[in-house]
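Here is a short tour for anyone meeting this structure for the first time. Keep the 3D view open and follow along as you read.

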Amino acid sequence: MAQAPIQFDRTSGALEGANLWERTAALALVTGSKISSHFSHMGYIACANLLRKTLPERNIAIKLNPDAVFEFPYGDGYWSKLLNRSYCYEDELELLFSDSIDVDYTLLDCGANYGYWSVLVSSKPFGSHKSIAIEPSGQNYPKLANNARINGNRFETIKCAIGASRGTARLSGTKHEAFSIAGAPSDGGEDVPVLALDNLIDDGKVAGTGKYLIKLDVEGVEIEAIKGGARLLQTDSVIMCEEHGSDRTHAVSRYILEQTPMKLIVLDPRTNRLETVTELSILDRIKVSTHVGYNVFGTASAFWQDRINALNAKTVRRMQ
């Protein structure tokens, strides 16, 4: 029988249910995160995954807020940074989610991994929003389904990939946070079903009208996913896509800017504002680390553009 998960409260810092070695490992994971944060956490995942091999196999349940619990294997290199209470995961997304508590939107969490954003956005402090978490990996999906279950099954989960059209694809990769259907069939992996965003309308999962925040963390098929969502992107929607730091052509942003009716918006760390981008050279300055992803936003919705303008005005007032 599996051991009960270790419990960690991000608000108080309380760690419960851990033995001495697991507590020592937690200190190492936090210290490693704090030190490596000065150079975009380079090397952290590899070191944490080495440490994980010395730990018994069990989960840690992290209390993100009073109404959100996120569970993952203890020592996981990607998610263990959450033990560092000063660490903010994808702060540009949290900025928009935090400001949209009062908006009646649905989150489409594509490439949900273990469901971090679905757990958070469906929680009371974030407005108890509807979320559909979509994840193709046979390795990741049970962990996503577990996070839905321990949070009262308040968000839906679908096991599939997102692409340009309905079908099947080969999912491959060595890191759970970077599985992709963009690789060659010879890369091994597993066959997974593929849906287009617009198929969610066809299948009755979402309405053809409404407000949507669409997170596309789909590891190299962002452009195909955008192509498959033409109808959905005509609603009051924002897509949130990952631009990889190593891509100096800024392919996803270039596609949004040049091939769609959407405005391209990025968080500029200099101003801490969500800036509308007309010239891609700003990304040369923002994308300083080649080994991490940067989220960019695309929207053709006047509603969301007004919300983002108002959010920027609040940011300016706070800085004055």
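## A salt bridge to start with

Let's begin with Glu22, which forms a salt bridge with Arg58, with the closest N and O atoms 2.9 Å apart. Glu22 sits in helix H1 (residues 20-36), while Arg58 is in the loop between helix H2 (44-52) and strand E3 (59-65), so the pair ties together parts that are 36 residues apart in sequence. Glu22 is buried, and Arg58 is buried too. Keep in mind as you look around that this is a predicted model.

## More salt bridges

How many salt bridges does the count come to? It comes to 17. One of them links Arg52 and Asp76, where the closest N and O atoms are 3.8 Å apart. Arg52 belongs to helix H2 and Asp76 to the loop between strand E4 (68-73) and helix H3 (91-99), so this pair ties together parts that are 24 residues apart in sequence. Is Arg52 buried or partly exposed? Arg52 is partly exposed, at a relative accessible area of 32%, whereas Asp76 is buried, at 1%.

Next, look at Arg307 and Asp99, whose side chains meet in a salt bridge at 3.9 Å, N to O. Arg307 is in helix H10 (residues 302-319) and Asp99 is in helix H3, so the pair ties together parts that are 208 residues apart in sequence. With a relative accessibility of 12%, Asp99 counts as buried. There's a network here as well: salt bridges with shared partners join Asp99, Asp102, Arg307 and Lys314.

## Strand E5 and its neighbors

Now find strand E5 (residues 106-110), which is mostly covered, with five of its five residues buried. In a regular strand, side chains alternate between the two faces of the sheet. Here Thr106, Leu108 and Cys110 point one way from E5, while Leu107 and Asp109 point the other way, and all of them are buried.

Which strands does E5 pair with? On the list is strand E6 (residues 130-134), which runs parallel to E5 and is joined to it by five bridges. Cys110 has Ile134 as its bridge partner in E6. To get from E5 to E6, the chain passes through helix H4 (residues 116-121), and this β-α-β crossover is right-handed. Strand E11 (residues 211-216) is also parallel to E5, again with five bridges between them. In that pairing, Leu108 has Ile214 in E11 as its bridge partner.

## On to strand E12

From E11 you can step across to E12: six bridges join these two strands, which run parallel. Ile214 turns up again, with Ile239 as its bridge partner in E12. The chain goes from E11 through helix H7 (residues 222-227) to E12, and this β-α-β crossover is right-handed.

Strand E12 (residues 236-244) is mostly covered, with seven of its nine residues buried. E12 also pairs with strand E15 (residues 293-299), in the antiparallel sense, over six bridges. In that pairing, Cys241 stands opposite Val296 in E15.

## What about the cysteines?

You've now met Cys110 in E5 and Cys241, opposite Val296. A disulfide is a covalent bond between the sulfur atoms of two cysteines. How many disulfides does the count come to? It comes to zero. The closest cysteine sulfur to that of Cys110 is in Cys160, 8.1 Å away, which is too far for a bond. Cys241 is in no disulfide either, since its nearest cysteine sulfur, that of Cys110, is 9.6 Å away and the cut-off is 2.5 Å.

Both of these cysteines are tucked out of reach of the probe by the numbers: Cys110 is buried, with a relative accessible area of 0%, and Cys241 is buried, also at 0%.

## A three-stranded sheet

There's also an open sheet of three strands, in the order E8-E10-E9, with mixed pairing. Strand E8 (161-162) and strand E9 (167-171) are the edge strands, each pairing on one side only. E8 runs parallel to strand E10 (residues 190-195), and two bridges join them. Within this pair, Ile162 has Leu195 in E10 as its bridge partner.

## A patch on the surface

Finally, turn to the surface. Ile35, Phe39 and Met42 make a nonpolar patch of about 310 Å². Met42 is in the loop between H1 and H2, and is partly exposed, with a relative accessible area of 47%.

Key: Residues are numbered from 1 along each chain as its sequence is written. This is a predicted model: local features need pLDDT of at least 70, side-chain atom pairs count only at pLDDT 80 or more; totals for chains, interfaces and linings use all residues. Side-chain values use heavy atoms; hydrogens and water are left out. Buried means under 20% relative accessible area, exposed over 50%, partly exposed in between (1.4 Å probe, protein chains only). Helices (H or I, at least four residues) and strands (E, at least two) are DSSP runs, numbered from the N terminus. Two strands pair if DSSP finds at least two bridges between them. A crossover is right-handed if, with the strands pointing away from the viewer, the path from the first strand over the helix to the second runs clockwise. A salt bridge is a side-chain nitrogen of Lys or Arg within 4 Å of a carboxyl oxygen of Asp or Glu. Patches are made of residues with over 30% relative accessible area and no salt bridge: like charges are joined within 9 Å, nonpolar side chains (Val, Leu, Ile, Met, Phe, Trp, Tyr) within 5 Å. Accessible areas come from the Shrake-Rupley method with a 1.4 Å probe; for residues, only the protein chains shown count as cover.
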